[in-house]
Amino acid sequence: IVYRNTARENDLICVSGNLGAAYMGLQLLEREKVVFKENPNAQPDFSGYEYILERQLKPEARMDIIQLLKEKGIKPTAMMDVSDGLSSELLHISKESNVGCRIYEDRIPIDYQTAAMAEQFNMNLVTAALNGGEDYELLFTVPLTDHDKVSEMKGVKVIGHITRPELGNYLVGRDGGEVELKAQGWNSLNE
């Protein structure tokens with residue numbers, strides 16, 4: 001059992017799979033719904049976007065990653081699934097563990113179909129990945145000493161690190177600028 005209130009300074013922040021696909025799948029479904037309302041004879045066009053539709057319609061828990069962590073002898077210091085968006089989940093871990101974080105824009109894993117759909121909708125891809133939610137990937141932290149082991153894991157990416165709480169929670173852009181993370185994803189508790 002791993003909780004979300006046990007992340008420690010200098011831990012690595014890791015995520016499984018890729019982010020933003022479920023959200024972009026929802027955007028595609030919403031677009032086709034509007035088309036159908038305007039013309040009930042219209043057939044939806046989902047070609048080339050099957051992956052993002054599947055991510056929205058048939059999410060799967062990442063038990064394979066849990067098993068892989070066990071096989072590699074890696075015990076995360078904190079963990080939760082990405083259901084409300086990466087930003088929201090990172091802020092939960094930070095608040096409950098009394099830490100800060102830095103994640104890096106160029107390390108956020110994003111699938112090609114997600115990027116293509118975001119471009120069609122003229123949406124900011126990183127915003128979709130940070131705030132979309134419903135990806136049900138795993139967000140977890142591991143001790144720095146597990147860097148080599150976790151870096152070798154297929155389907156897992158190190159996206160940042162845990163800092164002291166007074167340093168806050170930030171996304172470091174490709175240009176080195178920092179943007180404070182905000183919880184903009186869906187929140188069932190209306191916090």
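A charge counts as sitting over a ring if NZ of Lys or CZ of Arg is within 6 Å of the ring centre and within 35 degrees of the ring normal. R107 fits the bill here: its charged end sits over the ring of Y104, 4.7 Å from the centre. Before going further, it helps to know that this is a predicted model, in which local features need pLDDT of at least 70 and side-chain atom pairs count only at pLDDT 80 or more, while totals for chains, interfaces and linings use all residues. Residues are numbered from 1 along each chain as its sequence is written, and side-chain values use heavy atoms, with hydrogens and water left out.

The sheet comes next. Helices (H or I, at least four residues) and strands (E, at least two) are DSSP runs, numbered from the N terminus, and two strands pair if DSSP finds at least two bridges between them. On those terms, seven strands make up an open sheet with mixed pairing, running in the order β2-β4-β1-β5-β3-β6-β7. The edges belong to β2 (78-81) and β7 (178-180); each has a single partner strand, so one side of each is left without a neighbour in the sheet. From one strand to the next, the twist averages 25°; axes are lines fitted to C-alpha atoms, for helices over the stretch in contact, and angles run from 0 to 180 degrees between N-to-C directions.

Starting from the β2 edge, β2 pairs with β4 (residues 138-142) in the antiparallel sense, over four bridges. Among the residues matched up here, M80 has L139 as its bridge partner, and A78 has T141. Helix α3 (residues 63-72) packs on the sheet, where it touches β1 (12-16), β2, β4 and β5 (156-163), and its direction makes about 20° with that of β4. Contact, here and below, means heavy atoms within 4.5 Å.

How covered is β4? Five of its five residues are buried, where buried means under 20% relative accessible area, exposed over 50%, and partly exposed in between (1.4 Å probe, protein chains only). In a regular strand the side chains alternate between the two faces of the sheet. Both faces of β4 are covered, with L138, F140 and V142 buried on one side and L139 and T141 on the other. The strand also pairs with β1, again in the antiparallel sense and over four bridges, and L12 finds its bridge partner in V142.

Further along, β1 and β5 pair in the antiparallel sense over five bridges, with V158 as the bridge partner of C14. On to β3: it pairs with β5 in the antiparallel sense over four bridges, and R102 is matched with H161. Six of the eight residues of β5 are buried, which leaves the strand mostly covered.

As for the interior, a nonpolar core is a set of buried Ala, Val, Leu, Ile, Met, Phe, Trp, Tyr and Cys residues joined through side-chain atoms within 4.5 Å. The largest one has 22 residues, and those with the most contacts inside it are I13, L86, L90, I103, I108 and L130. Two or more residues apiece come from β1, β2, α4 (86-97), β3 (100-104), α6 (125-131) and β5. I103 gives a taste of the contacts: leaving out residues up to four places away in sequence, it touches I13, L86, L90, I108, L130, I159, G160, Y170, L171, V172 and L181. There is also a second, separate core of 13 residues, which includes C14, M79, L138 and F140.

Back in β2, M80 is buried, with a relative accessible area of 10%. Aside from neighbours within four places in sequence, M80 is in contact with R4, E89, H92, I93, E137, L138 and L139. M80 and L90 are ten residues apart in sequence and 9.2 Å apart in space, C-alpha to C-alpha.

The loops have a few quirks of their own. Most residues other than glycine have a negative phi. In the loop between α6 and β4, however, E134 has a positive phi near 65°, and Y136 has one of about 55°. Both are partly exposed, E134 with a relative accessible area of 33% and Y136 with 29%.

Finally, which residues does P165 touch, not counting residues up to four places away in sequence? The answer is N98, V99 and G100. P165 sits in the loop between β5 and β6 (169-172) and is partly exposed at 37% relative accessible area. P165 and V99 are 66 residues apart in sequence but 4.0 Å apart in space, C-alpha to C-alpha.
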